[in-house]
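Colleague: I am new to this, and I would like to know how the words used for a structure are earned. Could you show me the one on your screen?

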Amino acid sequence: MASDEQFYSKHPSIPEHSGKYKTIVYIICTIAALGGLLFGLDQGFIANALDTIKTDYHLDTSQAENYSAVLATGGVLGALLSGLLARYFGRKKSLIFAGFVFTAGSLISAMLPPIAILELCRFGLGLGVGIASFVVPLYLSETAPAKIRGSMGTLFQLMITIGIFLISLTNVFIAKMITNSQHALPIMFLVIGLFAIVMFIGTFALPESPRWLMLKGKKDKALKVLHKTMNTQAEIDLEIKEIEYTLASSAKEKFSASILFKGYFLKVIIVGVLLQMFQQLVGINVMIYYAPEIFGYAGMKGLVAMMTVPTVNMLFTFPAIYLVEKWGRKKLLYVGAICMFITMVAAGLAFLTIAKGADPATIGSGSKLVLLLAVIVYIFGFAVSWGPVAWLVCSEIFPLKVREVGITITTMVNWTFAGLLMGYSLTFMEQFGTSSLLFLFSFFCILAVAFVYLFVPETKGITLEEIELNLAKGVKLKDVGNARK
Ligand code: BGC
């Protein structure tokens, strides 16, 4: 591929940059990332609202579990549809649609309709979350300049964690202040509705992704967007050339479907699928949902028990934004998986010393301390690494022509495993004990480290087009993120 070298020798991979980005870039990314906020609001809603829902709708535990889990089912379908939506209607319209679904789902829920409709709404919210979890990282990675692509991509996760934090907090307060649950529940839903409306309206102001515009042959429009987001003509030229070059190289494929059967696509899809699978198999959502119970074992109840996990989760996503560009993706994945491994083993051992149904007063202070520290360090480990990086890498590794298919599949895998874990963890714990589940999570952490070492490429600071060219050239998967020699 002599022409590749010619092209790149004329155009250094990432232009010299003043280090300043137009404010509009941050505004665009923030509005788009509101999709992440809604993801978090809906995901985190259950932890501190389920009791109120159970009271209002007279649900038993399994009905309440069904209500919670239907979000994941909607998420899988949303992810599936979003690939088609994003490809045929564009990234922007898909975000608008997600904003609409979020708004409708939460406002109808706030009217406290019959349970079947309420469940349908949660399914609809899941659909929105599925679409957002696909389109937001894709949009951010395609619209943000390469040097801050990682940080902007991480913004998605930050918004998820802010959403989980916010809704946990507001739900606790609403439940405390409004004792009549019939009055409290609509307000809980209206909090989500408020942000949904902001997202819905805000997305109309977003520009379309320049890469999608180019894919559809709308170069003029792509140029207009780049003029808005980039500082200099040189940067615009380079960006356009890189996109054109990638499109021209992949235009040789008659049907984009044919690329699906190329060895390198299969390789990256396996990386994406395993990344998302491990992101769930390390047990994050089980920890988020059941942390108050674990804190309860340690004799801690109330606000501290309900707010510690969402707070740690949100706070430690901030350093990730910076570290993902400084240390790179892989180092963070190692650090996170090792932290989670150690803490799961420690918590598992602590649980072995606690008899089932034990009175917290009889539990030794050593075990309590280990449990508390383990939960906090575990959440830190996830927040700083696998939370943001799994989504980020999945938005970076797929060739443009099949990016939607790739992200669709990996997002569906994320939601499928999220649903499976949420649906079966309690039963597993009842049958085999809490320790066994925690040890199982720690085992997955070890597998995750081996997987990152063997297969995951470092994608820090390299353009999406370079990654794609390296893949097509047959560069080893682990090395496709290394800059050209
Ligand atoms: C995961 C969610 C999880 C959240 C916690 C996301 O990256 O995909 O399943 O609830 O992080 O912050």
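Colleague: Which helix gives the most to the lining of the largest pocket?

Modeller: Happy to help, and please keep in mind that this is a predicted model. Helix 2 gives the most to that lining, with eight residues. Helix 2 (23-57) is joined there by helix 3 (61-88), helix 6 (146-177), helix 13 (284-297) and helix 19 (403-432), each supplying at least two residues.

Colleague: How much space lies in the largest pocket, and which residues are closest to its centre?

Modeller: The space comes to about 700 Å³. The lining has 22 residues, and those closest to the centre are Ile46, Ala47, Leu50, Asp51 and Tyr289. Sorted by class, the lining holds 13 nonpolar, four polar and five charged residues.

Colleague: How do you know where empty space is left?

Modeller: You roll a probe the size of a water molecule over the atoms, and that shows where space is empty.

Colleague: Let us turn to single residues. Why is Ser442 called buried?

Modeller: Buried means under 20% relative accessible area. Ser442 has 5%, so the word buried applies. You can find Ser442 in helix 20 (residues 434-455). Leaving aside neighbours within four places in sequence, Ser442 is in contact with Phe341, Met344 and Val345. The C-alpha atom of Ser442 is separated by 16 Å from that of Leu373, which is 69 residues apart from Ser442 along the chain.

Colleague: What makes Ser395 count as buried?

Modeller: The same kind of reasoning works here. Ser395 has 2% relative accessibility, and the cut-off is under 20%, so Ser395 counts as buried. Ser395 is part of helix 18. Not counting residues up to four places away in sequence, Ser395 touches Pro137, Leu138, Ser141, Arg403 and Ile407.

Colleague: And Thr203, is that residue buried or exposed, and how do you know?

Modeller: Thr203 has a relative accessible area of 0%, which is under the 20% limit, so Thr203 is buried. Thr203 sits in helix 7 (residues 181-204). With residues up to four places away in sequence not counted, Thr203 touches Ile31, Lys92, Leu95 and Ile96.

Colleague: Why is His58 called exposed?

Modeller: Exposed means over 50%, and His58 reaches 68% relative accessibility, so the word fits. His58 lies in the loop between helix 2 and helix 3. Look at the backbone there too: phi of His58 is near 50 degrees, a positive value in a residue other than glycine.

Colleague: Where does Leu112 lie, and what is the sign of its phi?

Modeller: Leu112 lies in the loop between helix 4 (91-110) and helix 5 (115-143). Its phi is positive, about 50 degrees, although Leu112 is not a glycine.

Colleague: One more topic, please. At what angle do helix 16 and helix 18 pack?

Modeller: Helix 16 (residues 329-352) and helix 18 (residues 386-396) pack at about 145 degrees, and their axes are 9 Å apart. Helix 16 brings Arg329, Leu332, Leu333, Gly336, Ala337 and Met340 to the contact, while helix 18 brings Trp386, Val389, Leu392, Val393 and Glu396. Those residues divide into eight nonpolar, one polar and two charged.

Colleague: What makes Gly336 belong to the contact, and why is a glycine called polar?

Modeller: Contact means heavy atoms within 4.5 Å, and Gly336 is listed among the residues that make it, so Gly336 belongs. Gly counts as polar in the classes used here, so the label follows from that rule.

Key:
Residues are numbered from 1 along each chain as its sequence is written. This is a predicted model: local features need pLDDT of at least 70, side-chain atom pairs count only at pLDDT 80 or more; totals for chains, interfaces and linings use all residues. Side-chain values use heavy atoms; hydrogens and water are left out. Axes are lines fitted to C-alpha atoms, for helices over the stretch in contact, and angles run from 0 to 180 degrees between N-to-C directions. Helices (H or I, at least four residues) and strands (E, at least two) are DSSP runs, numbered from the N terminus. On a 1 Å grid over the protein atoms alone, a cavity is a set of points where a 1.4 Å probe fits but cannot get out, and a pocket is an open set with protein on both sides within 12 Å along at least five of seven lines; lining residues have an atom within 4 Å of a point. Grid points are joined across faces, edges and corners, and a volume is the space filled by probe spheres set on the points. Buried means under 20% relative accessible area, exposed over 50%, partly exposed in between (1.4 Å probe, protein chains only).
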